[in-house]
Amino acid sequence: MKFPDGFLWGSATSSYQIEGAVATDGRLPSIWDTFSHTPGRVLNGDTGDIANRHYELFRDDVAMMADLGLQAYRFSIAWPRVFPQGVGPLNEKGLAFYDSLVDALLEKNIEPMITLYHWDLPQALQETGGWQSRDTVHAFADYAALIAETLGDRVKHIATHNEPWCVGFLGHWMGEHAPGERGNLKAALQVIHHVLLSHGLAVQAMRAIRPEADLGIVLNHTWSHAASDSEADIQAAHRHDGFFNRWFLDPLFRGEYPADMLALYGDDAPVVQAGDLDNISTPIDFLGVNYYTRSVVADSLKPPLLLNHLRGEGPRTAMDWEVYAPGLCNILTRIHQDYHPKALYVTENGAAYDDVLDATTGGVHDPDRIEYLRQHLEAAKCAIDNGAPLKGYFVWSLMDNFEWAWGFDKRFGIVYVDYASQKRVLKDSALWFRELIVHNGW
Ligand code: FCB
């Protein structure tokens with residue numbers, strides 16, 4: 001099994017999940033600092049205060065990436081390090097950290113891919129309405145322009161947002177993520193609209209500064225699977241696909257929200273101003289796809305989506321997510337056929353398992369993760385064979401880290417982190433991944 005020449009192999013992380021140093025060099029709180037410090041929101045009361053101490057240890061971490069043979073590294077910038085209040089003035093020290101990180105990566109021939117927003121909104125902007133306010137949209141475009149100006153001379157790939165679905169629905173409807181609002185579907189949909197709009201305006205602002213940059217966005221996708229071949233269940237799967245996939249792909253690539261979902265959401269549909277959808281559908285250079293599992297759904301009377309989730313019969317990870325690799329081939333192929341993105345990357349894929357450090361061997365033996373990755377890479381290759389312009393694959397994650405509402409309980413890394421000593425130990429999957437990169441397949 002060989003991947004095309006030039007296929008880019010990398011790993012991914014995000015700022016709040018690894019950096020720590022939350023009050024260092026002028027950084028002010030983000031909504032995740034506030035949320036994680038609110039009792040009951042994160043398992044075991046874990047916070048990102050210290051996390052992997054990557055802010056201090058980044059040079060060692062880059063050396064480890066080089067040792068793993070990584071060709072690319074996807075990381076995110078903490079907006080509240082660069083603009084602690086969300087809008088000016090610029091905090092030079094915060095920016096300097098990313099400047100050094102980019103240089104350290106390039107020195108090792110590791111291609112940086114930046115994500116501008118992986119959920120750590122400056123708390124100051126939350127106070128003025130967060131993503132429910134259109135002011136945040138413009139603040140984001142200004143922040144994007146600053147990054148294009150300062151890092152865009154060396155960084156080619158910049159993604160605006162990570163997973164707007166989570167920002168909207170987990171943050172405002174299900175309450176599992178910051179800012180932790182529950183039950184407000186209307187707010188969730190308005191937030192998603194503003195996040196998408198901010199993406200479009202940011203792409204325009206960055207394009208004006210760096211016409212040669214590769215600009216895109218990262219979406220989380222699932223494969224919506226009907227529980228049976230009854231017409232009702234097939235329609236339920238189509239609604240689920242509308243909720244999870246089409247609600248984002250249609251505005252980004254076609255400049256419209258799907259009509260069936262607008263009808264279903266009714267009064268909860270977002271307020272859209274003239275020109276918004278043109279801005280949202282500003283052409284992009286790549287789409288990043290995050291894929292972990294499929295969704296099996298059946299028709300039901302439960303509003304608003306009129307569907308129930310069923311348990312798929314496949315094996316499960318420590319997140320209790322079903323392992324279903326064919327879904328990755330299906331979704332990539334389908335996005336290629338229906339939306340024609342110029343380039344695709346798998347920007348996240350991976351699995352949490354209950355890894356333990358083996359006292360005898362000193363290693364971490366994670367055969368389940370290797371099997372998960374192997375199956376999903378076969379699925380990625382299947383999409384390439386189907387014509388999808390897939391250019392690279394980033395495993396989630398480089399190392400164990402703060403897994404949001406699950407705190408440090410869930411380990412997604414191919415590198416094990418002993419949080420007490422901050423020691424990093426390559427898991428068997430990391431060794432396997434290194435071989436894979438050397439051979440561009442197996
Ligand atoms: C994705 C997030 C990433 C990580 C993985 C497991 O939704 O983008 O930060 O938490 O899930």
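1. Setting aside neighbours within four places in sequence, the contacts of Leu262 are Trp247, Tyr257 and Ala269. This is a predicted model, and the remarks that follow should be read in that light. Leu262 belongs to helix H11, which spans residues 259-265, and with a relative accessibility of 35% Leu262 is classed as partly exposed, since that class lies between the 20% limit for buried and the 50% limit for exposed. One of its contacts, Trp247, stands 15 residues away in sequence, and the C-alpha atoms of Leu262 and Trp247 are 9.2 Å apart in space.

2. Two further residues, both in loops, may be set beside this one. Ser14, placed in the loop between strand S1 (8-12) and helix H1 (15-18), is buried, its relative accessible area being 1%; when residues up to four places away in sequence are not counted, Ser14 touches Ser76, His118, Trp396 and Trp404. Asp354, in the loop between strand S8 (344-348) and H14, is exposed, with a relative accessible area of 65%. From Asp354 to Gly86 there are 268 residues in sequence and 37 Å in space, taken from C-alpha to C-alpha.

3. The largest nonpolar core holds 148 residues, and those touching the most other members are Trp32, Trp79, Ile147, Phe169 and Tyr265. Helix H9 (residues 185-209) makes the greatest contribution to this core, supplying 12 residues. As general background, nonpolar side chains in soluble globular proteins tend to be buried together.

4. Trp32 deserves a separate comment. Apart from neighbours within four places in sequence, Trp32 is in contact with Tyr16, Val42, Trp119, Glu176, His177, Ala178, Phe402, Trp404 and Ala405. Trp32 also belongs to a cluster linked by ring pairs, whose members are Tyr16, Trp32, Phe35, Trp119, Phe402, Trp404, Phe408 and Tyr419. Trp404 is named again among the residues touched by Ser14.

5. The aromatic pairs number 43 in the structure. In the pair of Phe58 and Phe97, the ring centres are 5.3 Å apart and the planes stand at 85°, so the arrangement is edge-to-face. This pair links distant parts of the chain, given that Phe58 is in helix H3 (residues 54-67) and Phe97 in helix H5 (residues 92-107), with their positions 39 residues apart; Phe58 and Phe97 are both buried. For Phe169 and Trp173, the centres are 5.6 Å apart and the planes lie at 55°, so this pair is tilted; Phe169 and Trp173 are likewise both buried.

6. An aromatic ring also takes part in a cation arrangement, in which the charged end of Arg294 sits over the ring of Tyr324 at 4.0 Å from the ring centre.

7. The last point concerns a helix pair, for which the usual description gives the angle and the distance between the two axes. The axes of H14 (residues 367-385) and H15 (residues 428-439) come within 9 Å of each other and cross at roughly 30°. On the H14 side the contact is made by Arg369, Ile370, Leu373, Arg374 and Leu377, while H15 provides Asp428, Ser429, Trp432 and Leu436. Sorted by class, the residues in this contact are 5 nonpolar, 1 polar and 3 charged.

Methods:
Residues are numbered from 1 along each chain as its sequence is written. This is a predicted model: local features need pLDDT of at least 70, side-chain atom pairs count only at pLDDT 80 or more; totals for chains, interfaces and linings use all residues. Side-chain values use heavy atoms; hydrogens and water are left out. Axes are lines fitted to C-alpha atoms, for helices over the stretch in contact, and angles run from 0 to 180 degrees between N-to-C directions. Helices (H or I, at least four residues) and strands (E, at least two) are DSSP runs, numbered from the N terminus. Contact means heavy atoms within 4.5 Å. Ala, Val, Leu, Ile, Met, Phe, Trp, Tyr, Cys and Pro count as nonpolar, Asp, Glu, Lys and Arg as charged, and the others, Gly among them, as polar. Rings of Phe, Tyr and Trp (its six-membered ring) pair if their centres lie within 6.5 Å; planes under 30 degrees apart count as stacked, over 60 as edge-to-face and the rest as tilted. Buried means under 20% relative accessible area, exposed over 50%, partly exposed in between (1.4 Å probe, protein chains only). A charge sits over a ring if NZ of Lys or CZ of Arg is within 6 Å of the ring centre and within 35 degrees of the ring normal. A nonpolar core is a set of buried Ala, Val, Leu, Ile, Met, Phe, Trp, Tyr and Cys residues joined through side-chain atoms within 4.5 Å.
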